[in-house]
Amino acid sequence: MPELTEYAKQVGAFFILVVVQSTAILLFKLCQEGGKYTFNPASSVALTEICKLMLASSLHWYGLSKSKKPFWEGVNTRVVLHYFGLSALYTFNNQLSFYALEVADPGSMSLGKSVAPYLCALLLRLTGQSLHSLQWVCVIVQCCAIAIVQYDACRGMGYLPLKAYYMIGLATLITAVTSVWNQLIIKGFEVPVNLQNSIMYAFGSVIAIGSYFHSATSKPLHHKSFFEGYTTLALLLVLFQAFHGLAVALVYKYADAIVKNFANSSVMAILIVISAYFFSLQTTLHSWLGIVIVLTTTYCYMNIAIGLQAEAAGKAPKTLPEKAHLLEDGTDGTETSNNGRETSRS
């Protein structure tokens with residue numbers, strides 16, 4: 001069987017993430033009864049992190065059974081500290097998503113997060129990764145389309161309560177920062193990706209469990225027990241949130257943080273339609289035109305812009321900025337060639 005090209009791996013990881021993330025965000029809304037969750041969101045985040053840890057550790061152990069390499073291959077203090085910080089941000093953002101979806105529909109939540117590619121592009125540029133001009137055009141046009149969809153011209157304001165936009169905005173900012181940070185770690189350290197995930201999810205599990213017990217002591221009267229209120233849909237939410245973490249790692253490995261956040265655009269298209277029919281989301285001609293623009297720019301980015309960027313750089317679509325290795329050893333990029341090509345990796 002012929003080996004997949006780098007571009008095929010990018011597209012495959014992109015579609016896997018779209019399917020998993022669409023299902024997960026939809027389950028967030030379906031798990032509510034009367035606008036409230038039947039379970040404790042903090043316990044759901046903790047169970048998700050534990051499930052991610054089990055999946056990542058199992059995959060890493062399976063890989064070791066074939067390669068016979070050391071279990072803690074390449075792990076050092078820098079890797080551990082990076083993933084401790086990432087785990088704290090991810091755990092906070094996961095809990096924020098629960099509360100944001102109590103005041104916003106799934107489509108608007110995903111739509112708001114579609115602005116993240118622009119933030120990711122700016123952050124990646126600061127780390128030394130160059131983008132083709134068409135990639136910048138796709139990102140900027142998409143952000144404008146998002147504003148069109150969310151702005152109500154008649155009222156002179158957005159469709160959602162101001163509180164919802166604050167929460168979505170904060171979640172989007174955290175998403176962009178963690179996306180770029182995680183990409184730089186995965187591509188900047190010579191550590192197997194499943195081992196990196198295991199370290200991050202181990203920290204995430206500890207932080208999430210600590211957050212649960214903190215909520216139990218701060219609000220004892222309204223507190224639910226750890227496993228209270230879990231239905232089949234709630235358990236499916238935990239499972240798909242765990243799958244989502246692994247799907248994101250695939251995108252970081254074979255593509256980059258911008259592709260990961262462009263996947264949100266495709267998720268948005270699916271969820272806006274579902275929200276319009278099942279969650280009473282009001283849509284207008286502006287909304288649908290904005291959606292068409294977002295999808296068109298996503299298609300342009302995934303099918304044209306990435307190829308042009310790779311051609312202009314004279315290398316494969318999968319790239320590594322020189323500054324990524326600064327995370328690992330503080331050098332000036334001696335582990336990369338003059339044009340920023342990543343050194344040979346397994």
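Helix α9, which covers residues 232–254, gives the most to a nonpolar patch in this predicted model, with four residues. The patch lies on the surface and is formed by Leu30, Leu233, Leu236, Leu239 and Phe243, which together have about 350 Å² of accessible area. Leucine 30 has its place in helix α1, a helix made of residues 6–30. With a relative accessibility of 40%, leucine 30 counts as partly exposed, because that class lies between the limit of under 20% for buried and the limit of over 50% for exposed.

The region of helix α9 also appears in a record. In an unreviewed entry, UniProt lists residues 12–31, 134–153, 165–186, 198–214, 234–255, 262–279 and 285–308 under "transmembrane region", and such annotations may be inferred rather than shown by experiment. What does the model show over two of these ranges? Over residues 234–255 the chain is 95% helix and 0% strand, and the C-alpha atoms at the two ends are 31 Å apart. Over residues 165–186 the chain is 100% helix and 0% strand, with the end C-alpha atoms 31 Å apart.

A reader can next turn to the aromatic side chains, of which the structure holds eleven pairs. A pair of aromatic rings is described by the distance of the centres and the angle of the planes. In the pair of tyrosine 37 and phenylalanine 39, the ring centres are 5.5 Å apart and the planes stand at 40°, so this pair is called tilted. Tyrosine 37 and phenylalanine 39 are both buried. Phenylalanine 226 and phenylalanine 227 form an aromatic pair with 5.0 Å from centre to centre and 75° between the planes, and this pair is edge-to-face. Are these two residues, phenylalanine 226 and phenylalanine 227, buried or exposed? Phenylalanine 226 has a relative accessible area of 18% and is therefore buried, whereas phenylalanine 227, with a relative accessible area of 62%, is exposed. Phe226 and Phe227 also belong to one aromatic cluster, which they form together with Tyr212 and Phe213.

Charged side chains give another way into the structure, which holds two salt bridges. One of them is formed by lysine 52 with glutamate 49, and the closest N and O atoms of this pair are 3.6 Å apart. Both residues lie in helix α2, which covers residues 41–67, and they are three residues apart, or about one turn of the helix. Where do lysine 52 and glutamate 49 stand with respect to the surface, buried or exposed? Both lysine 52 and glutamate 49 are buried. Glutamate 73 forms a salt bridge with lysine 69, and here the closest N and O atoms are 4.0 Å apart. Glutamate 73 counts as partly exposed because its relative accessibility is 24%, and lysine 69, at 37% relative accessibility, is likewise counted as partly exposed.

Cysteines call for a separate look. A disulfide is a covalent bond between the sulfur atoms of two cysteines. How many disulfides does the structure have? The count comes to zero, by the rule that the two sulfur atoms must lie within 2.5 Å. Cysteine 31 has a relative accessibility of 4% and so counts as buried. Cysteine 51 is also buried, because its relative accessible area of 19% is under the limit of 20%.

Finally, the fold can be followed through residues that are separated along the chain. Serine 57 lies in helix α2, and with a relative accessible area of 25% serine 57 is partly exposed. Serine 57 and tyrosine 201 are 144 residues apart in sequence, while in space their C-alpha atoms are 9.5 Å apart. A second example starts from leucine 124, which lies in helix α5, formed by residues 116–126. Leucine 124 has a relative accessible area of 0%, and therefore leucine 124 is buried. Between leucine 124 and leucine 184 there are 9.1 Å in space, C-alpha to C-alpha, although the two are 60 residues apart in sequence.

Key
Residues numbered from 1 in each chain as written. Predicted model: local features only at pLDDT ≥ 70, side-chain atom pairs only at ≥ 80, totals over all residues. Heavy atoms only, no water. Patch = residues over 30% accessible without salt bridge, like charges linked within 9 Å, V, L, I, M, F, W, Y side chains within 5 Å. Areas by Shrake-Rupley, 256 points an atom, 1.4 Å probe, with all protein chains shown as cover. Buried < 20%, exposed > 50% of the residue type's maximum accessible area, 1.4 Å probe, protein only. Phe/Tyr/Trp six-rings, centres within 6.5 Å; stacked < 30°, edge-to-face > 60°.
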